[in-house]
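Please walk me through this structure in an orderly way, with the criteria behind each term made explicit. I would like an account in running paragraphs that I can follow with the model open beside the text.

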Amino acid sequence: MMQEQDLHELAELVSESGSVLSLYLYIDPQRRSVDETKLSLRRLLAQATEQGAAPADVERIERFFEHEYDRQGRAVALFSCQARKFWRDYTLLVPVQSTCYVGARPYITPLSDLWDNYGRVGVILVDRVGARLFVYHLGALEDSVGTLGEEVKHHKQGGWAAQKLQRYEDQEARHNLKEAAAWADDYLNQHRVSRLVLAGTPENLAEFRGQAPRSLDDKVVGQTSLDTNASPGEAWERAFEVAQAAQRQAEESQLEQVITAALKGGAGALGLADTLTVLQQGRIHELLVSPDLHAPGQRCTQCRAVLLNMPASCPYCGGELVTSADVVNLVVHAAIDAGLKVAVLDRSARLTEVGGIAAVLRY
């Protein structure tokens with residue numbers, strides 16, 4: 001499993017003797033066939049070659065899939081610089097968009113995004129007696145702990161005495177939930193877990209959140225219905241769905257803000273043509289792009305400007321232009337080179353409506 005020091009190692013690597021080929025491949029065996037995965041890999045390696053990847057690095061990745069890969073996980077992240085005898089491969093239990101990048105540094109933005117969203121995720125399963133807590137790191141179970149309060153009984157018979165006893169048991173359940181919330185808050189703070197998914201019945205979760213400290217409630221990204229006896233695997237699958245939905249909601253909310261700003265003439269750009277213009281002007285703060293957007297165009301060999309139309313020479317510097325099969329890929333990599341955040345919005349109908357690409361502007 002990938003650790004924080006691995007991410008730091010990649011972030012600090014700068015190759016002066018040869019480029020680094022970074023390749024991410026989505027391979028979820030439950031959702032993609034072997035043929036689909038092979039086709040995606042061929043396309044990525046073709047893009048890498050077009051970007052100037054060293055043949056030795058392309059061959060190293062091919063050799064990994066032919067002889068070393070065991071088809072585990074939902075994605076892989078590969079980094080090769082054979083000129084420096086550098087190779088790292090990581091199997092990921094959470095999916096990433098398939099992409100490749102060739103440069104002096106490894107492309108680690110997808111990994112840092114995974115760290116932000118799934119680096120340390122807690123799932124707490126709550127009932128009237130106590131709680132079970134699972135902690136996951138990038139989809140892998142790291143810890144499993146629990147707490148139990150007083151046993152709570154449910155009385156079915158009627159009568160005044162039974163009603164009084166039931167009120168007492170309800171009070172005991174609230175006490176258990178309050179104790180469980182305080183225990184969970186302390187544990188999450190000690191173990192630096194910043195995202196939490198709640199699981200249980202709606203009634204128990206409402207009571208739990210009502211008793212929870214503010215510091216715990218601020219960590220909650222969503223909740224789901226799940227039996228407290230669920231396995232760690234079941235808990236993660238449900239939690240992952242909740243976390244993904246929360247991430248998509250946040251991205252769509254940001255997109256709406258960009259659209260509103262752009263339509264009012266503010267700090268936003270919509271569509272490929274406008275995005276290329278503001279990219280050349282150095283005004284982009286963050287790029288939002290659909291993985292399905294592709295368009296041919298040109299790139300200047302001198303100032304590296306990316307163009308959609310077909311002029312005889314670069315309108316910015318007069319330099320020679322070369323044809324590119326996909327300028328969207330060039331835009332993404334130019335943004336990465338500039339240190340900008342790039343968010344890939346998969347299956348976003350709203351982004352498709354405005355041209356498949358948008359940008360948050362600095363000014």
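In what follows, a residue is called buried if its relative accessible area is under 20%, exposed if it is over 50%, and partly exposed in between, with a 1.4 Å probe and protein chains only. Helices (H or I, at least four residues) and strands (E, at least two) are DSSP runs, numbered from the N terminus. This is a predicted model, in which local features need pLDDT of at least 70 and side-chain atom pairs count only at pLDDT 80 or more, while totals for chains, interfaces and linings use all residues. Residues are numbered from 1 along each chain as its sequence is written, and side-chain values use heavy atoms, with hydrogens and water left out.

A convenient place to begin is helix α9, which spans residues 272-280 and in which Leu272, Thr275, Leu276, Val278 and Leu279 are buried. An α-helix has 3.6 residues a turn, so residues three or four places apart point the same way. Where contact means heavy atoms within 4.5 Å, the elements that cover the buried residues of α9 include β10 (268-270), β11 (284-289), β13, α10 (327-337) and β16 (357-361). After α9 comes Gly282, which has a positive phi, near 70°.

One of the covering elements, β11, deserves a closer look: five of its six residues are buried, so this strand is largely enclosed by the rest of the structure. Strands of a sheet pair through backbone hydrogen bonds, either parallel or antiparallel; here, two strands are said to pair if DSSP finds at least two bridges between them. With β16, strand β11 pairs in the antiparallel sense over five bridges, and within this pairing Val289 stands opposite Ile357 in β16. With strand β15 (residues 341-344), β11 pairs in the parallel sense over four bridges, and there Leu287 stands opposite Val342 in β15.

Another sheet is made of three strands, which form an open arrangement in the order β13-β12-β14 with antiparallel pairing. Its edge strands are β13 (306-307) and β14 (321-324), each of which pairs on one side only. Strand β12 (residues 297-300) and β13 pair in the antiparallel sense over two bridges, and Arg299 stands opposite Val306 in β13.

The cysteines call for some care. If a disulfide is taken as a pair of cysteine sulfur atoms within 2.5 Å, the count comes to zero. Why is the sulfur of Cys314 not bonded to that of Cys303? The sulfur in Cys303 is the closest cysteine sulfur to that of Cys314, but it is 3.6 Å away, which is too far for a bond. Cys314 counts as buried because its relative accessibility is 3%. For Cys317, the closest cysteine sulfur is in Cys300, at 3.5 Å, again too far for a bond; Cys317 is partly exposed, with a relative accessible area of 37%.

Next come the aromatic side chains. Rings of Phe, Tyr and Trp (its six-membered ring) pair if their centres lie within 6.5 Å, and planes under 30 degrees apart count as stacked, over 60 as edge-to-face and the rest as tilted. By this rule the count comes to 13 aromatic pairs. Among them, Phe79 and Tyr90 form an edge-to-face pair, 6.4 Å centre to centre with 65° between the planes. This pair links distant parts of the chain, with Phe79 in strand β2 (residues 75-81) and Tyr90 in strand β3 (residues 86-92), eleven residues apart, and both Phe79 and Tyr90 are buried. A tilted pair is formed by Tyr118 and Phe240, 5.4 Å centre to centre with 45° between the planes. That pair also links distant parts of the chain, since Tyr118 is in helix α4 (residues 109-118) and Phe240 in helix α8 (residues 232-263), 122 residues apart; both Tyr118 and Phe240 are buried. Phe79 and Tyr90 also belong to one aromatic cluster with Tyr24, Tyr101 and Tyr107.

Helix α4 also holds Ser112, which is partly exposed, with a relative accessible area of 27%. The C-alpha atoms of Ser112 and Ala11 are separated by 9.9 Å, although these residues are 101 residues apart along the chain.
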